[in-house]
Amino acid sequence: MIHSKKAIGFLYGVGFLTILYFFFKTIPTVSFSDFSLFEWQLKQVLKGSLHLPYLFITTDPNLDFFPLPNVFFHLTNNSIDSTFPNLYPILFSPFYWIGGKTGIQLIQLILFFLSIWLFFIIKRDHVLSLLLLFSSSIPIYTNLIHDTIFIFFLEVLLLYIIHKQYVFFASLLSVFLLWMRPEFVFVICLLPFYFEWKNIWKQYLKWFVLFIFLFLTTNFILYSTVFPLRLFKNSTYHWNLEIVVYLFRLLIEQIPAFTIFLILSVISIFQKKIKLQNLILFLFTCLIILSSPNTGGHNTPRYLFCLVPFYVLSFNSNLYETLHLKNVGILLVILLTIYSIYQWQYQTKELIKISKFQSNTLAALNQIPEQTIVFNNSDFSFVALPLIEQNKNLFLLKKNPEENAFGAFLAKNHIKSFVFVELPPSPYPIPNSLVIPNCDNDCEFRFVDQYPLPNAMLPIMVTRYQRVFP
């Protein structure tokens with residue numbers, strides 16, 4: 001028993017020191033992809049606004065050239081809102097104001113370990129808590145400006161509140177989670193199978209229906225749709241086998257808790273100890289993989305993170321009953337620790353590499369003298385978002401514009417020159433002579449020169465265009 005306590009304390013220490021190491025290692029990283037959007041939202045909240053700014057909304061009312069892909073924003077009554085809910089930037093903006101990116105990292109580090117502590121209180125089992133700590137790639141998000149750690153904390157908090165049977169708060173928090181992440185509908189359906197439910201289910205459903213009604217009404221008033229924006233903007237879902245295969249591979253690689261759950265479930269089937277909750281959990285895993293609109297980004301299975309606590313909770317009844325081995329829990333945690341630290345190191349290395357590419361690209365873009373920069377790759381427009389604060393005009397071609405439409409847009413905004421940043425071959429090229437329709441003077445933008453973007457890790461090309469006389 002003494003040895004087990006020492007081992008448990010040692011493993012907690014390893015987890016804390018490892019994540020702290022990655023904390024300091026990733027401080028210099030630059031935000032990219034939707035991390036940049038979260039950082040932009042934080043800055044807007046500090047300026048007193050919940051909307052994304054766009055100076056050209058009067059000349060581009062359909063946001064055809066807004067510098068983000070359509071899935072990331074929603075237009076309502078001439079206001080542009082991010083499809084990521086504002087709760088994260090509102091709550092975390094004070095920490096960003098105090099300490100910048102490091103302030104966000106620090107509070108997320110605290111929230112993550114607070115989640116592990118709350119989870120321990122639920123089951124009073126250190127082995128299960130350590131399994132949660134090392135059972136997925138969630139910890140790498142402590143070092144990134146993203147809502148994943150915040151969502152993870154709220155989910156564990158929900159489990160704790162359900163455990164304590166605080167019905168009102170459990171219903172309210174369930175609706176908030178469903179609003180921020182639609183995949184949490186599966187979490188809500190799993191709750192009755194893992195917690196005492198008989199005495200609270202009627203009250204829970206009553207409050208849940210009330211809060212859902214209030215949410216739908218508020219959402220419709222604010223955004224003219226009853227659906228959460230993340231669900232609404234992904235309404236054009238198409239099943240894709242490549243996404244399914246890719247997500248399943250990420251699930252196996254980065255959520256070892258699922259692999260352990262699967263092995264224990266198969267063993268229990270052979271032992272004729274089939275459990276309904278395990279079958280339902282496996283079914284929900286398959287449904288999330290099959291229904292995911294995309295890979296989730298960042299090379300992590302983010303849509304499946306919501307099921308990680310349930311994989312671990314399933315060990316509570318499976319682990320010792322199935323394997324019948326003394327100290328198997330500690331042995332499993334040790335093996336999982338070794339594997340997870342390797343995975344975290346690999347993923348952090350990849351994130352740093354991407355960040356270095358993005359920071360080099362951003363520094364090079366910052367040296368472009370032209371005020372207007374046009375992209376046809378959203379990865380570039382994301383990384384360039386900080387340039388908006390330097391009064392740069394950023395535009396994104398999301399499709400081939402209608403004939404001469406882009407030239408007309410530039411002319412309406414009195415733009416005399418621009419650069420086109422692309423990674424050849426371009427999906428949406430700009431012709432060497434961009435015509436301005438219904439024009440009597442300076443009626444086209446002509447190709448001036450082309451050169452590779454300096455210090456970039458990819459063959460990114462910059463093409464300059466100047467408005468000239470016919």
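How many nonpolar, polar and charged residues does the lining of the second largest pocket have? In this predicted model, the lining of that pocket divides by class into eight nonpolar, five polar and seven charged residues.

The pocket itself is a good place to start a tour of the structure. The second largest pocket has a volume of about 480 Å³. It is lined by 20 residues, and those closest to its centre are Asp60, Asn62, Leu63, Asp64 and Lys399. Two elements give two or more residues each to this lining, namely strand β1 (73-76) and helix α16 (405-412). Helix α16 supplies the largest share, with four residues.

Attention may now turn to a helix, α4, which spans residues 126-134. Helix α4 is mostly covered, with eight of its nine residues buried. The buried set runs through Val127, Leu128, Ser129, Leu130, Leu131, Leu132, Leu133 and Phe134. In an α-helix there are 3.6 residues a turn, so residues three or four places apart point the same way. The start of α4 also offers a pleasing detail: there, a side-chain oxygen of Asp125 comes to within 2.9 Å of the backbone nitrogen of Val127. Val127 is thus met twice in this description, as the partner of Asp125 in that contact and as one of the buried residues of the helix.

Several loops carry backbone features that reward a closer look. Asn78 has a phi near 65°, a positive value in a residue other than glycine. This asparagine sits in the loop between β1 and β2 (79-82). Asn78 counts as exposed because its relative accessibility is 64%, and the cut-off for that class is over 50%.

A second asparagine, Asn391, likewise shows a positive phi, of about 65°, although it is not a glycine. Its setting is the loop between α15 (378-383) and β4 (393-396). With a relative accessibility of 56%, Asn391 is therefore also classed as exposed.

Is the peptide bond that joins Pro424 and Pro425 cis or trans? The bond between these two prolines is cis, with omega at about -5°. Pro425 belongs to the loop between β5 (417-422) and β6 (433-435).

For a reader browsing the model, these loops make convenient stops: Asn78 between β1 and β2, Asn391 between α15 and β4, and Pro425 between β5 and β6. Strand β1 links two parts of this account, since β1 is named among the elements that line the second largest pocket and also borders the loop that holds Asn78.

How values were computed. Residues numbered from 1 in each chain as written. Predicted model: local features only at pLDDT ≥ 70, side-chain atom pairs only at ≥ 80, totals over all residues. Heavy atoms only, no water. Buried < 20%, exposed > 50% of the residue type's maximum accessible area, 1.4 Å probe, protein only. Polar contact = N/O pair within 3.5 Å; in protein donor to acceptor, adjacent residues only side chain to side chain. 1 Å grid on protein atoms, 1.4 Å probe; cavity = no way out; pocket = protein on both sides within 12 Å on 5 of 7 lines; lining within 4 Å. Points joined across faces, edges and corners; volume = space filled by probe spheres on them. Nonpolar A, V, L, I, M, F, W, Y, C, P; charged D, E, K, R; others polar.
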